[in-house]
Amino acid sequence: MDIAALRAANPEHWKLATAIRTLAIDAVQAANSGHPGMPMGMADVATVLYRNHLKFDAKAPNWADRDRFVLSAGHGSMLLYALLYLTGYEQATLEEVKNFRQWGARMAGHPEYGHLEGVETTTGPLGQGISTAVGMAIAEKSMKARFGKSVVDHKIWVIAGDGCLMEGISQEAIGLAGKQELDNLIVLWDNNNITIDGRVTVSDKTDQRARFAASGWEVLSCDGHDPADIDRALTEAKKAKGPVLVDCKTIIGFGSPNKADSYSVHGAPLGADEIAATREVYGWNYGPFEIPADVKADWEAIGAKGAAEHAEWAARLDALSASKKAEFERQMSRGVPKKLASAIRAFKKAQSEAAPKVATRKASEMVLGAINPVVPETIGGSADLTGSNLTKTSDISDFMPDNRKGRYMRYGIREHAMAAAMNGMYLHGGVRPYGGTFFCFTDYARGAMRLSSLMGVPAVYVMTHDSIGLGEDGPTHQPVEHLAICRATPNTWTFRPADVIETAEAWELALSSESTPSVLALSRQNLPTLRTTHSQKNLSAQGAYVIAEAEGKRQAIIMATGSEVEIALKARDILQGEAIGTRVVSMPCMELFAAQPEAYRRKILPPGAVRVAVEAAIRQPWDRWLLGERGTEKKAAFVGMEGFGASAPADRLYSEFGITAEAVAEKVKALL
């Protein structure tokens, strides 16, 4: 690569791109940690993107109709941070660049959503960014269909690396995007042929361009260091009729005399001598973190070029009817419609009177029948289990290329991409996503579910077939450890409702959440309505409550969730028949109960009585409530699973594994 010729041919571009490269080099060196090679290699592509194609206004980072830019190759975070600083984002100061990767820095090691304006999503786990971007593209299409092209018309741009494309989630995501013909999605592939272990060829021989083409994408290519060729490819990409992959052939660590095109520049500082030599190659005679005033001014002009378009858009928004504008702003601000609470209350009242015996997965479908008409921004879906998860209501149609007003996603057997796309939909704004699969397959969605919690994205995961109660499908499908895994994840609400009333309350809480995702663990087997006296109050909001009080002196407390609350109540009947006063506590959400004031927790779990917890899962999450919170080991026991399940009808399984009312009653009596 003749760098001198590139400099001479494109002097203005060269200075802009070199500012990115040197900031990345200096920040990584100062932190003694980071990934300089990728920003050095993709600086030319990023410069052309921001200079000529990206629709944004640096002074209005949250402008609703901005293009979204996702750095899927999140290890190259200094590429994004340099761009934000150079173009004039208020939060992206030079001091923040100098504080890269340090305590309290907005500029974390990988881009973290919520830390810094201009970071559209948390990336770092490879493949998540490109998959989240698919959800953003879906949300843009949905919003455009609902509110019109005059106020919603933008692109989703992604920079992805070789590692992103190796991760299995990428195939799920590109297959979904291809099927949906998302012509607002453009992925710029940093094709530098380097991973941590060395050349990509040591571990892979996939023809990525053919893979994308086979999945329904248009595939373009360019020289990732020739600004004219990059501009040609990006211009062509914006005209495509479907999602686009632009193969940008680059050199990692571009310009480093001794480390370019090598894995040694991927994840370590260059070192003082190599930095000096690289600056000489660049013709950059400035000190660390020093950007010439004219270069910074040129970059800030790029950051300001969208202001006029932003103002024109604001005028078009104002031209909408007052009600339509208000609804647009409500949905983009993620506020919950006022009608939701009244719809849930009316539903609860009707169901407490009707007292149906239904599986909580069916109860969830019934609740969605009340929710979807009053929350028009919901987009539901399932990973090829619509008839099992019961996530589609009769009033919504499929989201498809010929029906962008559809509100139901056919994700196919793509749990991982479904969860990531849900993150992207919410982050884009204007959509409240929910999606379903079997609870056991949270394993497949786990990476994106963790990011929901980390980013504070209140996605709703409808996870049915929540225990051995699913029956004959056997232990591969019977979750036993998954409640513990979900409950162990910070900032996650794990709901396991006992009946149709608790299911409605869980949905209300999940959709009202501003920053916490929810997992709804729902039964396959039918369960009776336990709360037949209507209460306007959402009792599940407290996490746990007394569903049946002891008669006479309270000697025992039985705690349970989901399908086992019915068992706990039957055990209470046995014990009360023997004059053993027994309270039953339904605990639909441990996280919400743990967040209650100590006085409330003490009221629900007072000292003195023996405690037994019953749940068709492993014991692990229960010890706080059995042994802590004024409990003692001598007066506590658990009835549940110790290993995996088996293939048999549900009733037989509960009997064989000893999860019965009789077994619970015997545990209580043994402790007294």
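By class, the lining of the second largest cavity in this predicted model has five nonpolar, three polar and two charged residues, and the volume of that cavity comes to about 60 Å³. The residues around it are Arg-446, Met-449, Arg-450, Ser-453, Tyr-461, Cys-486, Thr-489, Thr-492, Pro-517 and Val-519. Which helix gives the most to this lining? That is helix H19, residues 442-455, which supplies four residues.

Let me set this beside the largest cavity, which has a volume of about 90 Å³ and whose lining, by class, has six nonpolar, one polar and four charged residues. The charged residues there include Arg-66, Asp-67, Arg-68 and Glu-120, and the wall also takes in Tyr-50, Leu-54, Phe-56, Pro-61, Phe-69, Tyr-89 and Gly-118. How many cavities of 30 Å³ or more does the structure hold? The count is six.

I would like to turn now to helix H12, residues 293-304, where a simple check on geometry can be made. At 1.5 Å a residue, its twelve residues should span 16 Å, and the C-alpha atoms at its ends are indeed 16 Å apart, so the expected and computed values agree. The buried residues of H12 are Val-295, Lys-296, Trp-299, Ile-302 and Gly-303. Seen down the axis of H12, these buried residues fall within an arc of 115°, and therefore they line one face of the helix. As for what lies against them, the buried residues of H12 pack against three helices, namely H2 (11-31), H3 (37-53) and H4 (77-87).

Conventions. Residues are numbered from 1 along each chain as its sequence is written. This is a predicted model: local features need pLDDT of at least 70, side-chain atom pairs count only at pLDDT 80 or more; totals for chains, interfaces and linings use all residues. Side-chain values use heavy atoms; hydrogens and water are left out. On a 1 Å grid over the protein atoms alone, a cavity is a set of points where a 1.4 Å probe fits but cannot get out, and a pocket is an open set with protein on both sides within 12 Å along at least five of seven lines; lining residues have an atom within 4 Å of a point. Grid points are joined across faces, edges and corners, and a volume is the space filled by probe spheres set on the points. Ala, Val, Leu, Ile, Met, Phe, Trp, Tyr, Cys and Pro count as nonpolar, Asp, Glu, Lys and Arg as charged, and the others, Gly among them, as polar. Helices (H or I, at least four residues) and strands (E, at least two) are DSSP runs, numbered from the N terminus. The expected span of a helix is 1.5 Å times one less than its number of residues. Buried means under 20% relative accessible area, exposed over 50%, partly exposed in between (1.4 Å probe, protein chains only). The arc is that of the directions from the helix axis to the C-beta atoms. Contact means heavy atoms within 4.5 Å.
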